[in-house]
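This report describes the structure shown below for a reader who has not seen it before. It covers one chain, then its domains, its partner chain and the DNA.

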Number of protein chains: 4
Amino acid sequence: MDATPPPHLSPRKRPRQARASVTVDAILEATIQVLLAEGIHRLTTTRVARRAGVSVGTMYQYFPHKQALIYALNERYLAVLAERMEAACKLHHGATAAQMVEAVVNAYWDAKTERSDVTRALYRSAVELDNEALIKAFARRMDAAMLGMLATASNGRNVDVQRVSATLLAVIFGTVRNVFEQNLDEAAQAGIRGQLILMCTAYLGAPASLAATRGGRDSRARKLA
Amino acid sequence: MDATPPPHLSPRKRPRQARASVTVDAILEATIQVLLAEGIHRLTTTRVARRAGVSVGTMYQYFPHKQALIYALNERYLAVLAERMEAACKLHHGATAAQMVEAVVNAYWDAKTERSDVTRALYRSAVELDNEALIKAFARRMDAAMLGMLATASNGRNVDVQRVSATLLAVIFGTVRNVFEQNLDEAAQAGIRGQLILMCTAYLGAPASLAATRGGRDSRARKLA
Amino acid sequence: MDATPPPHLSPRKRPRQARASVTVDAILEATIQVLLAEGIHRLTTTRVARRAGVSVGTMYQYFPHKQALIYALNERYLAVLAERMEAACKLHHGATAAQMVEAVVNAYWDAKTERSDVTRALYRSAVELDNEALIKAFARRMDAAMLGMLATASNGRNVDVQRVSATLLAVIFGTVRNVFEQNLDEAAQAGIRGQLILMCTAYLGAPASLAATRGGRDSRARKLA
Amino acid sequence: MDATPPPHLSPRKRPRQARASVTVDAILEATIQVLLAEGIHRLTTTRVARRAGVSVGTMYQYFPHKQALIYALNERYLAVLAERMEAACKLHHGATAAQMVEAVVNAYWDAKTERSDVTRALYRSAVELDNEALIKAFARRMDAAMLGMLATASNGRNVDVQRVSATLLAVIFGTVRNVFEQNLDEAAQAGIRGQLILMCTAYLGAPASLAATRGGRDSRARKLA
DNA sequence: CATGAATGAGCTTTCATTCAT
DNA sequence: AATGAATGAAAGCTCATTCAT
């Protein structure tokens, strides 16, 4: 991520030599592996170092403490995720709103599903951490990508794209996480995925007359179509 | 919750006397307080016991280990939440689908917001725990309540209520959590809440023609109206 | 000592039960032993605990960290020393100035010599510590005792007892430490002890005419006799 | 100092080339700086090397281990101090005993005060070290200088110059250190300095009749005058 | 029954020292 | 010669859990 990390979480030294870079990669990979194989409770610096095939000392040359390690892990993961999502958005510039939504849901869902164990592990690792900055930065990037895409929608214009974008993101990201935590089987997951797309599509095309009209919440997005 | 807890997580003895029940209450309350005041990392058995005004030994009479304590906490919290949600559902039997959705979103959102610090603390505490059983049980209860309510919808019938219900729950619960984690200000939260209601309403009223049609995911819910 | 210790150095809990008190004593005694047998560099919490026959955990119940341990040690030692010195002073109320000085030097020297290994060990242990408060408190007590005694001198009155007292203390304490650090043999030590007494006596009886008269330093103590 | 250092403390190679000497100087200077800026506990080889602008590896070329580094530092400091003291002594050959004493006290006090932070830092650094040899050697040099000077005293002769010299040195050095450790303000320090001079002067001029006469310690110095 | 002192495995982190480059 | 990445023993400290009182 391009979120400049809070100083206390930044890595101790950026790897300059190829060798060092390999080391850092090995450590981060080992972190995931330990997380998967043993769970957060057994995610100890010693174990990570051993699994990475380096000494604790070496690990501490690159990560000033455990938190920094986990931070880096999340950072990397989110950076990849963000890139994939941005690519997906860019690819659908000019498409219909429905296509856009479908693309975003699928991109996100696939990215998370691909290695669902890693996904789950990272969700849990975040508890060890003050990762608000990271999440905020990710949200900003996603928002920008989404807004950029929605602005090019072939079939409509929305007066409150800002709000629509924020909502879509919260709904999609939230739902995916929830589904993950329910540990549903593939079929059930696929079912909900389809429904989610449907729901988002309906939302974007929903005529104003359906709007909830209770206090304060009704300044709704105008229809895109 | 009525989820029979995994044997290793069950409290050592069910409190039968009033005195014991008071003690258990004090301990659970203390747990929340420590969680709020000091964070998960400082949530230790000793601290909880001290805050509850009992000795560690006594605490271990009621909770055979730390996990059981946190389990009980989550159990209680979810039980209350479930009751509130069930009540909300029951209250809207016979209403329109749109009213139902609005009621559910609002009930859940309000329950979570009421003491958002506690909510967040509990979200975090869950990491210490294998709470899958708990979540599953909660999901089942919510599902039943939702299904029961939807079946009475005054303005329609749905051929795949099962799937609609599961979807609505995943979306609503997921979105709320996501919004919580973004730490948005009140206004932004209210905005998304409104949009979420809109979205769900649109979903329930969406005509079939908008359905996504990609493999396996298109066995969509037929319109309710 | 009655110096209220800086909060970060104070013991975690005061031993209330006899058992606990025994434990604390054992730990402090073990600390000295380790200090003597292995040197400061090997004075580790684990080693102390093992030698004391308790677990590290137990040790940390009474001393929140290593510094607190060393602090307590010095505190105890200085308390005993202070008492002995005060007793010696009290015993010579009404004596001649020469007798007083001799008594003070001898009392201090004897106290230090009695277990010279402990003395040396403690001198060294102090480096691990911010013991300024302790030293200050000790100095104040000594000053009070000294002043109280000098005021009763049978053979004279001094216009600047304050300064004389401070000087005597600095000289006596300093010299003893210096002699200790030189690691002289018994004979040489005894020799210097005698000379020190002589010197102090001479100082108290010195006629004004010998006073150094260079800038600012000559506001000398008037003769006692 | 010309104390042949214990073999395990000697620098790995004596710097012969100017370049090497510069490096050694830089390292020693860096050591002091780290000591002052960070305290003994943070005096690490890496930090010293970085501050000196060399690599750890290079540093280990000159100092086989940390102790050797600190040893060299103390050696240098004591060498300079010894030279200054010797100069002061030489300068007062033929003076009166009183002038001599005053000169010695002032020279020592000034040397220590000039950079009192460095003084204190070095006092503390010595704990890391077996510096007995160093101290002994320094004592010998001081003794020689003192004896040489006292022998030329214009106003008297002393039958036990040896003992007088040893006493004066112990008293002066000890008192100065004690004053340092009390952390007194300038005024109080100056006051005691004056009194110390007075006391030493009185000692040298003290008539035999005041001598302490308790066993073994009374072979006192006869008057100089 | 209730207490809380005692336990000790196990955690994170440091740092003197080595040695391949 | 110079470098600095890598090492790993060892430090200080925590905390869930037990059990004698």
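How many helices and how many strands does chain A have? Chain A has 9 helices and 0 strands, where helices (H or I, at least four residues) and strands (E, at least two) are DSSP runs numbered from the N terminus. The pattern along the sequence of chain A is α-α-α-α-α-α-α-α-α.

This is a predicted model, in which local features need pLDDT of at least 70 and side-chain atom pairs count only at pLDDT 80 or more, while totals for chains, interfaces and linings use all residues. Residues are numbered from 1 along each chain as its sequence is written, and chains are lettered from A and ligands numbered from 1 in the order in which they are written.

**Chain A and its domains**

Of the 225 residues in chain A, 44% are buried. A residue is buried if 20 or more other C-beta atoms lie within 10 Å of its own, exposed if 12 or fewer, and partly exposed in between, with C-beta atoms placed from the backbone. Two residues are in contact if their C-beta atoms, placed from the backbone, lie within 7 Å. Among contacts in chain A between residues at least 6 apart in sequence, 70% join residues at least 24 apart.

Chain A is divided into domain 1 (10-64) and domain 2 (74-205), with bounds that come from an automatic or database domain assignment. The C-alpha centres of these two domains of chain A lie 29 Å apart. In chain A, 5 residues of domain 1 are in contact with 7 residues of domain 2. The side of domain 1 that touches domain 2 has 5 nonpolar, no polar and no charged residues. Here Ala, Val, Leu, Ile, Met, Phe, Trp, Tyr, Cys and Pro count as nonpolar, Asp, Glu, Lys and Arg as charged, and the others, Gly among them, as polar.

A:E29 lies in helix α1 of chain A. A:E29 is partly exposed because 14 other C-beta atoms lie within 10 Å. A:E29 and A:A52 are 23 residues apart in sequence, and 7.5 Å apart in space from C-alpha to C-alpha.

**Chains A and B**

The contact between the two chains takes 44 residues from chain B and 44 residues from chain A. On the side of chain B that touches chain A, two or more residues come from each of α5 (97-114), α7 (132-150), α8 (161-182) and α9 (186-205) of chain B. The largest share, 14 residues, comes from α9(B). That side of chain B divides into 22 nonpolar, 12 polar and 10 charged residues.

A rotation of 179° with 0.2 Å of shift along its axis superposes chain B on chain A (RMSD 0.3 Å); the fit is by least squares on the C-alpha atoms of residues with pLDDT of at least 70 in both. The two copies are therefore related as by a two-fold rotation axis.

**The DNA strands**

A residue is near a strand if its C-beta atom, placed from the backbone, lies within 6 Å of it. The table gives the classes of the residues near each strand.

| Surface | Nonpolar | Polar | Charged |
|---|---|---|---|
| near DNA strand E | 9 residues | 21 residues | 6 residues |
| near DNA strand F | 9 residues | 19 residues | 6 residues |

Around DNA strand E there are 36 residues, and the closest are A:T44, B:G57, C:G57, D:T44 and D:H65. Around DNA strand F there are 34 residues, of which A:G57, B:T44, B:H65, C:T44 and D:G57 come nearest.
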